[in-house]
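Please walk through this two-chain model with me, one region at a time. Keep the viewer open as we go.

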Amino acid sequence: MSERPVHEYIRELSRALVQLSEKVLSNFDAALEAVRHQDVEAARKIRRADDEINLAEVRLEEQCLAFLALQQPVARDLRTIVTIIKINDDLERIGDLAVHIIERMPELGSEIMDRYEFDRMGQVAGDMVRKSIDAFVKRDRHLADEVCKSDEQVDTMHRLVFRQVAEVMKKDGSNTEQLLAVLSVSRYIERMADHATRIALEVIYQVTGEIVRHSDDAFEKLIQSLRD
Amino acid sequence: MSASPDTKQTSAVTVRDIYLPPERKKVSGGGVPHVSAKNFSIYYGDFEAVKKVSADILSKYVTAIIGPSGCGKSTFLRSINRMNDLIPNCHTTGSLMFDSQDVYGKFTDEVLLRKKIGMVFQKPNPFPKSIFDNIAYGPRLHGIRDKKTLAGIVEKSLRKAALWDEVCDRLDKNALGMSGGQQQRLCFARTLAVEPEILLLDEPTSALDPKATAKIEDLIQELRGSYTIMIVTHNMQQASRISDSTMFFYEGVLVEHASTAQLFTNPKDQMTEDYITGRFS
């Protein structure tokens with residue numbers, strides 16, 4: 001099989017995507033860290049880093065669109081470019097979630113972060129994103145499947161936070177604003193895991209050509225989560 | 001009060017139309033095997049140029065044939081109306097059916113066969129005659145002499161080939177004075193004049209500029225649904241733009257035959273994948 005410059009270019013676009021994912025993940029970790037330490041300076045840096053993420057996302061999308069128009073890829077190449085465009089979008093949204101988290105900083109602190117185990121939850125969700133990007137690079141369907149399965153773990157953690165908050169709210173004199181912030185952060189981390197799952201599903205499309213996004217399985221999962 | 005044309009148009013659009021690109025709409029009365037090959041091989045002397053091909057070409061749809069030079073795609077195309085008969089030492093084995101007629105059967109009249117299965121070639125090849133006589137040539141050959149009938153056929157054929165508006169006031173002018181794109185559409189009109197059922201197109205746009213190519217591609221879309229069309233092309237984008245199904249040939253073997261959407265997004269065979277993504281060594 002002979003490689004051509006166009007395939008080297010697809011690899012360059014893939015590398016740009018991996019770089020973007022690294023930036024997004026480190027910004028997300030930094031956001032949780034900033035909230036824990038109430039570090040306003042770090043929060044500013046995270047805001048600025050998100051601007052860079054947005055620029056990188058737009059640039060990568062432009063490059064992919066130009067590639068589609070100029071090279072008209074087909075088969076595996078087409079699926080890879082489409083997958084890059086979609087993952088790019090998911091990463092940018094994860095970037096936004098980091099900013100949403102630091103916006104909740106005034107109501108939170110290290111004590112709250114520990115009580116609701118946000119670091120652990122963030123760790124699991126972050127690992128899911130890392131794994132899903134790894135699956136993209138290696139075209140590894142099994143790894144993508146693993147990411148999809150991990151989503152349940154984060155959902156369970158989110159539901160636990162929800163129940164804990166509901167319990168506290170029933171007591172008199174609870175700090176409603178703080179509790180709402182807790183729910184929001186939990187939701188943001190859970191959404192990051194959802195984005196990781198979407199990325200994994202996109203990788204499955206890239207590898208197999210099959211769109212499995214709306215399978216019956218997903219519906220069953222939803223029903224199950226409602227029962228829980 | 002009569003409905004305005006706009007209202008009529010809106011009511012005619014179904015949900016299905018919205019989800020299917022217009023050029024890929026289902027063809028009514030089409031989709032049955034029009035040409036069927038079974039273990040069909042073509043030899044030049046001892047050399048097996050097309051190897052045991054089995055495939056059904058569906059009626060009224062566009063089938064593209066792709067593959068590297070020398071893979072047998074043109075040979076296969078030309079075998080369908082027995083153009084290969086003109087090549088010495090060319091013979092076939094297996095079966096090739098056109099509807100219920102055996103193309104290579106003892107009693108097959110190849111002149112009648114070629115009336116039903118017309119062909120347009122890579123280079124436009126109008127006769128050095130007037131535009132009118134080019135189109136009327138086939139019908140005359142088949143015995144039509146009445147001037148009014150011939151004029152009717154000429155107009156109808158030129159209209160079908162989207163050429164009438166450009167040449168209706170100079171039908172008596174020599175066809176060689178037309179542009180390359182016009183000459184190629186004239187060849188389409190000449191083929192259509194004898195009312196064929198199948199059109200075989202052997203790289204019909206490879207000698208044309210992008211504008212003329214676009215016109216021919218639009219024309220193929222127009223004719224789709226009325227004729228079974230098979231097109232050999234080296235232009236992969238062209239195959240993906242205009243065809244419903246695609247056959248990929250390699251070294252005489254039909255490697256993959258699938259819907260064009262399937263073949264160009266998720267081919268089943270690694271060789272097809274390598275060829276269409278340009279990874280072929």
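The largest nonpolar core has 123 residues, and those with the most contacts inside it are Met192(A), Ala200(A) and Ile65(B). A nonpolar core here is a set of buried Ala, Val, Leu, Ile, Met, Phe, Trp, Tyr and Cys residues joined through C-beta atoms within 7 Å. A residue is buried if 20 or more other C-beta atoms lie within 10 Å of its own, exposed if 12 or fewer, and partly exposed in between, with the C-beta atoms placed from the backbone. The element that gives the most to this core is helix α7 (residues 176–208) of chain A, with 14 residues. Helices (H or I, at least four residues) and strands (E, at least two) are DSSP runs, numbered from the N terminus. If you centre the view on Met192(A), you will find that it touches Phe28(A), Ile94(A), Leu97(A), Ala125(A) and Val129(A), leaving aside residues up to four places away in sequence. Contact means that the C-beta atoms of two residues, placed from the backbone, lie within 7 Å.

A word on what you are looking at: this is a predicted model, in which local features need pLDDT of at least 70 and side-chain atom pairs count only at pLDDT 80 or more, while totals for chains, interfaces and linings use all residues. Residues are numbered from 1 along each chain as its sequence is written, and chains are lettered from A and ligands numbered from 1 in the order in which they are written.

Now take chain A as a whole. Chain A has 8 helices and 0 strands, so from the N terminus on its elements read α-α-α-α-α-α-α-α, and with a radius of gyration of 19 Å, close to the 17 Å that the globule rule gives for 228 residues, chain A is as compact as a globular protein of that length. That radius is taken over C-alpha atoms, and the globule rule is 2.2 Å times the number of residues to the power 0.38. Along the principal axes, the C-alpha atoms of chain A fill a box of roughly 70 × 45 × 20 Å. Of its 228 residues, 38% count as buried. Among the contacts in chain A with a separation of 6 or more, 81% come from residues 24 or more positions apart.

One backbone detail in chain A deserves a look. Ala75(A) has a positive phi of about 50° although it is not a glycine. Most residues other than glycine have a negative phi. Ala75(A) has its place in helix α3 of chain A, and it is buried, with 20 other C-beta atoms within 10 Å.

Helix α3 also leads us to the partner chain. Between the chains, 11 residues of chain A are in contact with 14 residues of chain B. Helix α3 (residues 75–103) of chain A gives the most to the side of chain A that touches chain B, with 4 residues. The residues of that side divide into 5 nonpolar, 3 polar and 3 charged. In this division Ala, Val, Leu, Ile, Met, Phe, Trp, Tyr, Cys and Pro count as nonpolar, Asp, Glu, Lys and Arg as charged, and the others, Gly among them, as polar.

Cross over to chain B, whose secondary structure comes to 12 helices and 10 strands. Its radius of gyration is 20 Å, which agrees with the value near 19 Å for a compact globule with 281 residues. Buried residues make up 39% of those 281.

Where should you look within chain B? Try strand β7 (residues 198–202) of chain B, where 5 of its 5 residues are buried. On one side of β7(B) are Ile198(B), Leu200(B) and Asp202(B), on the other Leu199(B) and Leu201(B), and both faces are covered. Two strands pair if DSSP finds at least two bridges between them. Strand β6 (residues 117–120) of chain B pairs with β7(B) in the parallel sense over 4 bridges, and Gly118(B) stands opposite Leu199(B). Strand β8 (residues 228–232) of chain B also runs parallel to β7(B), joined by 5 bridges, with Leu200(B) opposite Met230(B).

Finally, strands β9 (residues 245–250) and β10 (residues 253–259) of chain B run antiparallel and are joined by 6 bridges. Tyr250(B) has Val253(B) as its bridge partner in β10(B). The two strands form a hairpin with 2 residues between them, and Glu251(B) in the turn has a positive phi of about 45°.
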